[in-house]
Structures are given as C-alpha cells and as structure tokens.
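Here are my notes on the model you sent over, point by point. Have the structure open while you read.

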Amino acid sequence: MRRFGRTLVTAALAVTLVGGTAGWASGDSQAAVTGPPPGTAAWRADTASGRSLPDPATTAPREVAAFFAGLDDAERRRLLRSHPLVVGNLEGAPLPLRYEANRIAVAATGEARYASLAAPDRQILAFDPRGRGQVVEVFGDLEHAEHVSVIVPGSDNDAAGYDTRRKPATGPAGMARSLREATGTGTGAGSGSGSASGGSTAVVAWIGYTTPVGVGLDAADGRLARAGAPRLARFTAGLDAVGAPDPVLFCHSYGSVVCGLAARHTDAADIVAFGSPGMRADTAAALRTGARVWAARGPSDWIADVPNVEFAGIGHGVDPTSAAFGARRVPAADVAGHTGYFVPGTQSLAAFAAIAKGEVR
C-alpha cells in the first residue's frame, strides 16, 4: 500500500510538471498523420504492364522492390509522373526514383514553406504535406553506403519548419550533417546531401511521424509515439529492401519513445537514446531487440528533471541512462543543454561517430 501511495505521488508530480509549473511549455494536441499518402486511391486504380500496383499500406517493402525491378524505365517514369506523392513515399521503391518524385511533389504544393526542399541538390526520401508535414532527407550516398544512421527527433519537428535556421548541429538536419562530417564522409557545405560524392556513411534525418508541439500532454503521453513506431519500423524495412546495411538509430528526446516502441520491429544494429524521457520499457532487454542499446544525457539537459514514471499513460518509464535500465553509456559530460549532443568537439559526437561507423565492439 505504501508503494502504491508513492506511485500516485510520483504520477501526480509528472502531471504537474507537464502542466507547466516546473517551467515546461504547454503544447497543442496534435492529430497523428498515419496511413498511406494522398493519391493512394488513384494509385490503387492504376496498373503497370497489366499488373496491379503494390498497395502502399499493405505490400511489404521487399515486394515493392521486386515489383519495380520488373518494370522497364519507361513504365517507372510513367508511374513517377502520374503518382509522385505515392512513389516518393513508397518504401522499397528505387531511391533515385523517390528523390525525383519528391521534388515533383514538393513543387506541386506551391507552398513557399516547402520550396527549399525541391532544390536539385536535395535528396528527399519522403514528403507528406498533410498536417504540419513530414519529411525524410538523406545526407550522403545511401545506395552505396557501408554504414547508415537515422536521426529520429523529438518535439517541434515537421516539414514546415525543417529548413528553419537553427543553432549549428541542432535539429534533425543539423544533427545529420554534423554526424556525417564526424564520420569523415561529410561534405560540410550547403543544405544538400552531396549525393555525387559518395562516402562510406550515409545519415538520414527522419521526420516520418507527427511530433508533439511544445512539451505538454502530447509529449508526456505515448499516443504520437505509438502512431510513429510502425512508420519507423516500415522505414527500416524499406532500407533493407533496397540493400542498405542495418541502420544505427539515433533517438533524441521524444524520438527515443518512438524508437523504444519500434525497437523489436526493426533490424537496427544499434539504438542510441539521448536526452531521453524514457523508452517505455523497464530495461534494455525489455525492448526485445537484437540491437545494442546505448544512452546519453548531458549534465545540464533539462530532461533530467522529468520524473521517470509511467502511470495511466503519462510518462515514459525508466531513465535509459540509469544502471537499472542496462544500456551502454555514451560519455556526455561536456554536452550543453538538451540539443548539444552533436556539437563538434563533444565527447558524445565522437562516440556517436564511432558507433555509426561500427568501430565500437
């Protein structure tokens, strides 16, 4: 009974923190964007070489890859022109075809907030304009990379604000660029991904789910993470379908909740949680993944003030950096704040780069 009372007190504290009395910002409730992209009905009604097209919602990425392998270039390009939003978001479709499809899809919106994503040097692997928008961008040569890393971000990330100017090495794109440069394969220039330069490491900035806005109830609840986890799992299956190596997932803040729920359904080689409020699991083993699990938290990261509880759907559970959780620790003693983990010169970035390149055993 005494333990139950302590649990109630802790849960009440979590709700109080979410409500804003500890300096947290409130956030609007978000409707999760799920399901296949706009244009799917027309895609399903079309055919190619007399065959039905693979259903974006149900066809496995490996089957999608096999389907496109059986088409000639003319038929692929017809589908690209007729259904850019579907082709651009279709896991298992050829990467160059998806990049081109998304340039067309972005331009077709006619919206200034998305215009920069249509630049010829961008490798946009997915784009969905619904809601606040979702976007996935590749930095490096994903087709030939020896190693692949995926940045899974937390709150306040979407396609509309993706190219908003931020402090260097923060935000999904900034983290991706910084990590790629730290592995020794980054271009270090421009907003594009340096597709022609190749390199042994490719990094993907993945905003493939609806993130919370602010740090309100959406950030304390698992609803958006539960909606995002199957999308992340399908994305990793798509990487596998096009021959990419098993990825390293770098999961920041609320993104680590998504990774925790998706872990058992991915073929990730490593999962790195940093600035994490919890992964909705009591231990690393409870994630039921074959991946090595890592965790990092800087000394001034405000996430340390978040109670590590889960009660009535509020809170995300055990601190991944705690000894009880059992993750491998990533050094982060010189990290400043909640978003400084990829700043050049930090211990965390050096460790992340070694993990990304498969150098840590």
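1. The chain carries 11 helices and 10 strands. Keep in mind that this is a predicted model. Of the 361 residues in the chain, 55% are buried.

2. On contacts, I looked at pairs with a separation of 6 or more: 66% of these join residues 24 or more positions apart. As for the surface, the chain exposes about 14500 Å², and 54% of that comes from carbon and sulfur atoms.

3. Next, the cysteines. There is one disulfide in the structure, and C251 and C259 form it, with 2.1 Å between their sulfur atoms. The angle about the S-S bond is -90°, and the link of C251 and C259 is left-handed.

4. Is that disulfide made by buried or exposed cysteines? C251 has a relative accessible area of 0%, so it falls under the 20% cut-off and counts as buried. C259 is buried too, because its relative accessibility is also 0%.

5. Now the pockets. The largest pocket holds about 480 Å³ of space. Its lining takes in 31 residues, and the closest to the centre are S155, V215, S253, W302 and H338. If you want a place to centre your view, those five names will do.

6. Which helices supply at least two residues each to the lining of the largest pocket? They are helix 1 (2-19), helix 7 (171-182) and helix 8 (217-220). Helix 7 gives the most, with three residues. By class, the lining of the largest pocket has 17 nonpolar, 11 polar and three charged residues.

7. The second largest pocket comes in at about 390 Å³ of space. It is lined by 23 residues, and G35, N89, E91, R231 and R234 lie nearest its centre. Two or more lining residues come from each of strand 3 (124-128), strand 4 (134-139), strand 6 (201-207) and helix 9 (223-241).

8. Which element gives the largest share of the lining of the second largest pocket? That would be helix 9, with four residues. The class split for the lining of the second largest pocket is 13 nonpolar, five polar and five charged.

9. Then there is the enclosed space. The structure has one cavity of 30 Å³ or more, and the largest cavity holds about 40 Å³ of space. Lining the largest cavity are E91, G92, A93, L95, R98, L125, F235, G238, L239 and V242. E91, then, is part of the cavity lining and is also one of the residues nearest the centre of the second largest pocket.

10. Where does the lining of the largest cavity come from? Helix 6 (95-109) and helix 9 each supply at least two of its residues, and helix 9 gives the most, with three. Helix 9 thus turns up twice in these notes, as it also gives the largest share of the lining of the second largest pocket. Sorted by class, the residues that line the largest cavity are six nonpolar, two polar and two charged.

Conventions
Residues are numbered from 1 along each chain as its sequence is written. This is a predicted model: local features need pLDDT of at least 70, side-chain atom pairs count only at pLDDT 80 or more; totals for chains, interfaces and linings use all residues. Side-chain values use heavy atoms; hydrogens and water are left out. A disulfide is a pair of cysteine sulfur atoms within 2.5 Å. Buried means under 20% relative accessible area, exposed over 50%, partly exposed in between (1.4 Å probe, protein chains only). On a 1 Å grid over the protein atoms alone, a cavity is a set of points where a 1.4 Å probe fits but cannot get out, and a pocket is an open set with protein on both sides within 12 Å along at least five of seven lines; lining residues have an atom within 4 Å of a point. Grid points are joined across faces, edges and corners, and a volume is the space filled by probe spheres set on the points. Ala, Val, Leu, Ile, Met, Phe, Trp, Tyr, Cys and Pro count as nonpolar, Asp, Glu, Lys and Arg as charged, and the others, Gly among them, as polar. Contact means heavy atoms within 4.5 Å. Accessible areas come from the Shrake-Rupley method with a 1.4 Å probe; for residues, only the protein chains shown count as cover.
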